[in-house]
Structures are given as structure tokens and as C-alpha cells.
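Student: I should like to go through the reasoning behind the terms applied to this model. Could we begin once it is displayed?

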Amino acid sequence: MSFPIVRHRRLRQSAGMRNLVRETVLHVNDLIMPIFVTYGKGIKNEISSMPGVYHFSLDTLKSEVDEIVALGIPAVLLFGIPETKDSVGTSGFVEDGIVQEATRLIKSWYPDLLVVADTCLCEFTDHGHCGMVHTFEVDGQIHGDVMNDESLELLTKTAVSQAKAGADIIAPSNMMDGFVQAIRAGLDEAGFEHVPIMSYSVKYASAFYGPFREAADSAPQFGDRKTYQMDSANVREALREAETDVLEGADMLMVKPALAYMDVIRMLKDQYDLPLVAYNVSGEYSMVKAAAMQGWINEKAIVQEMLTGMKRAGADIIITYFAKDAARWMQEH
């Protein structure tokens with residue numbers, strides 16, 4: 001036979017052969033597990049739209065952290081649901097805020113576990129937006145403008161308070177212009193020049209965030225976030241956003257969401273040499289969970305393929321609600 005000259009299937013003949021030549025390998029060290037902490041006592045409540053993900057009060061948090069550490073996951077991302085909210089998100093930057101208290105507890109239990117603090121105001125404001133808002137009424141309807149520069153001061157206060165509480169990484173997700181520079185300057189001035197910034201550099205205004213809005217009680221009370229989060233149709237704009245954050249001092253870049261934006265992940269990977277983070281968001285998680293619960297898909301196979309795809313696209317780090325499941329599956333091999 002003259003053809004085929006090249007037999008590609010030779011390198012697919014057995015599991016051992018496939019393992020030997022595999023190009024992309026997902027590792028537990030690539031994963032960050034998000035945690036939702038809330039006020040009150042004795043609370044471990046499953047989030048209805050995110051099966052397997054819970055709200056934890058501080059007194060029930062340790063069992064979750066114990067499990068994460070036992071699985072070898074190196075980092076957690078903290079989101080807080082406060083007891084009170086106001087127009088400027090005061091509970092996000094006070095010393096005894098829910099995220100600050102959770103950070104202190106986790107670092108006292110496991111000093112080597114990395115705590116990533118989400119730095120935004122949406123969970124702490126009564127209007128649900130990611131910064132300060134100027135509101136006005138038109139024809140009986142409440143409207144508002146998110147004020148960029150005024151919000152930076154509050155976001156910087158939040159970041160500094162999180163670093164004081166022991167956060168290892170500050171992860172600002174607000175998408176205000178100039179937020180990396182403002183937070184970097186604030187951290188440095190407060191003596192936290194060693195604390196890195198994981199910037200939500202390319203964060204799209206996405207329908208994939210739906211379940212998170214329930215989990216974090218952070219849905220906007222009016223309008224939407226399209227004046228500060230990116231238009232899902234745009235890709236060149238992502239380069240401009242990322243370049244700004246690089247110039248302002250970001251230590252890591254993020255693309256959020258992940259599944260519908262693999263091209264953006266690859267573009268940033270090719271363009272910049274900073275560690276790149278993909279956020280496998282709530283809607284992506286819930287779709288897989290819902291289909292698996294119906295018996296329509298093999299959850300383990302789908303998740304492993306999905307996370308490997310994100311890494312293959314260029315992600316160095318993956319924030320995912322599947323982190324514990326993925327870590328367990330890795331231990332099986």
C-alpha cells in the first residue's frame with residue numbers, strides 16, 4: 001500500500017500510549033474553589049440553582065475548607081453575603097466584614113492555603129451595582145449611572161481591608177476604568193506591595209452569571225452592567241482591557257466567562273506572558289449539573305473535557321465550582 005503514508009492512529013492504540021503523548025494535562029494545582037460565606041450561625045444551605053454549592057456561615061465553614069485542603073486544592077476564592085447593605089457597600093471594607101472574618105479564620109486554620117479575595121461592591125450595595133451610583137427618576141422609573149472615579153476609592157479601601165485580614169491575592173472584579181492602578185497604589189501605600197492582583201481583566205456582561213446572582217444576592221436593582229462589563233460580541237476590545245491592566249500593574253489576567261470565550265483566552269495567552277486565569281462561571285456549572293441530573297450526559301467526562309479545553313486554550317489557572325469534583329477524579333488515577 002502506498003497510502004496512508006502517515007498512520008496517526010499508532011499513537012492512540014492504548015491508554016498508556018495516549019497518556020505518554022498527551023499534550024495538555026489538568027492538575028489539581030491549576031484549580032481554585034469559590035466559597036460563599038454568609039452571616040448567621042449554623043448555616044449550610046445549598047444554593048438551589050447550583051447543586052452541590054452552599055452558603056456557609058463562619059461556624060460551619062471549617063468542614064468545607066478541610067475538604068478542600070484534603071483534596072490538595074491550593075486556593076479558595078471568597079465571596080461574602082453581608083447582614084446589611086447600603087448605597088456605598090460599607091460592609092465590604094469594614095474590619096469585621098464577612099470576607100475579612102472568613103479570611104482570618106481560614107488563614108488561622110491553614111496558613112498555606114491561598115485565600116483570593118473578590119474585590120467588588122455588588123454583594124454589599126443595596127442597589128447591586130459594582131460601584132457608587134448616582135440615581136435619578138425618569139417617568140416614574142429609577143435609573144442610575146455608575147460613577148467610575150468615585151468608586152475607585154471605595155474599591156481600594158476594600159482591597160486594603162482584605163489584605164490586612166490576610167488575603168494572599170486581591171481579585172478585583174468591578175471593571176471600573178483604572179481599578180488596577182488605584183488598588184495597586186492603595187496596597188503599596190498600606191504596606192502590601194507583596195500582595196498580587198489577579199485582575200478580572202476581560203469580564204463580559206454575560207447571561208452565564210445568572211445562578212451566581214442568586215448565590216451572592218447581587219442582582220442589580222435597576223438597569224444592568226453593560227456600561228462597565230464588556231459586550232460579548234467584542235474581542236479586540238479585550239486586548240485593550242488587558243493591556244491597560246498590564247500597564248497598571250496586574251500580576252495575573254482573567255477571562256470571564258470561559259466556555260463561550262475560548263478564543264479570547266487563546267488571544268490573551270498569545271499576547272501576554274502573565275499567568276492567565278479562566279473563570280468557569282455559575283451558568284456553565286449549572287448547565288452541566290442540570291443535564292447530568294437528567295441523565296443526559298456523563299458529568300465526569302464532560303467536566304474533565306471542559307476544564308482540559310480551558311487549559312488547552314491557554315488558561316494557567318481555572319476558577320471552577322467543579323474544583324472538588326475534579327480533584328477527586330484526579331485522585332482516582
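**Core, strands and crossover**

Tutor: This is a predicted model. Its largest nonpolar core has 97 residues, and those touching the most other members are Ile 35, Leu 187, Met 198, Val 202, Leu 268 and Tyr 279.

Student: Leaving aside neighbours within four places in sequence, with which residues is Met 198 in contact?

Tutor: Met 198 is in contact with Ile 32, Val 116, Ile 169, Ile 170, Ala 171, Pro 172, Met 252, Met 254, Val 277 and Ile 319.

Student: Why does Ile 81 count as buried?

Tutor: Buried means under 20% relative accessible area. Ile 81 has 8% relative accessibility, and therefore counts as buried. This residue lies in strand β4, residues 75-81.

Student: What makes strand β10 mostly covered?

Tutor: Five of the five residues of β10 (residues 252-256) are buried. In a regular strand, side chains alternate between the two faces of the sheet. In β10, Met 252, Met 254 and Lys 256 are buried on one side, and Leu 253 and Val 255 are buried on the other.

Student: How do you know that β10 pairs with strands β9 and β11?

Tutor: Pairing requires at least two bridges between two strands. Strand β9 (residues 198-203) shares four bridges with β10, in the parallel sense, and Val 202 stands opposite Val 255. Strand β11 (residues 276-280) is joined to β10 by three bridges, also parallel, with Leu 253 opposite Leu 276. Both therefore meet the criterion for pairing.

Student: Which elements make a right-handed β-α-β unit?

Tutor: The unit is made by β10, helix α8 (residues 262-271) and β11.

Definitions and conventions:
Residues numbered from 1 in each chain as written. Predicted model: local features only at pLDDT ≥ 70, side-chain atom pairs only at ≥ 80, totals over all residues. Heavy atoms only, no water. Core = buried A, V, L, I, M, F, W, Y, C linked by side-chain atoms within 4.5 Å. Buried < 20%, exposed > 50% of the residue type's maximum accessible area, 1.4 Å probe, protein only. Contact = heavy atoms within 4.5 Å. Helix = DSSP H or I, 4+ residues; strand = E, 2+ residues; numbered from the N terminus. Right-handed = clockwise from strand over helix to strand, strands pointing away.
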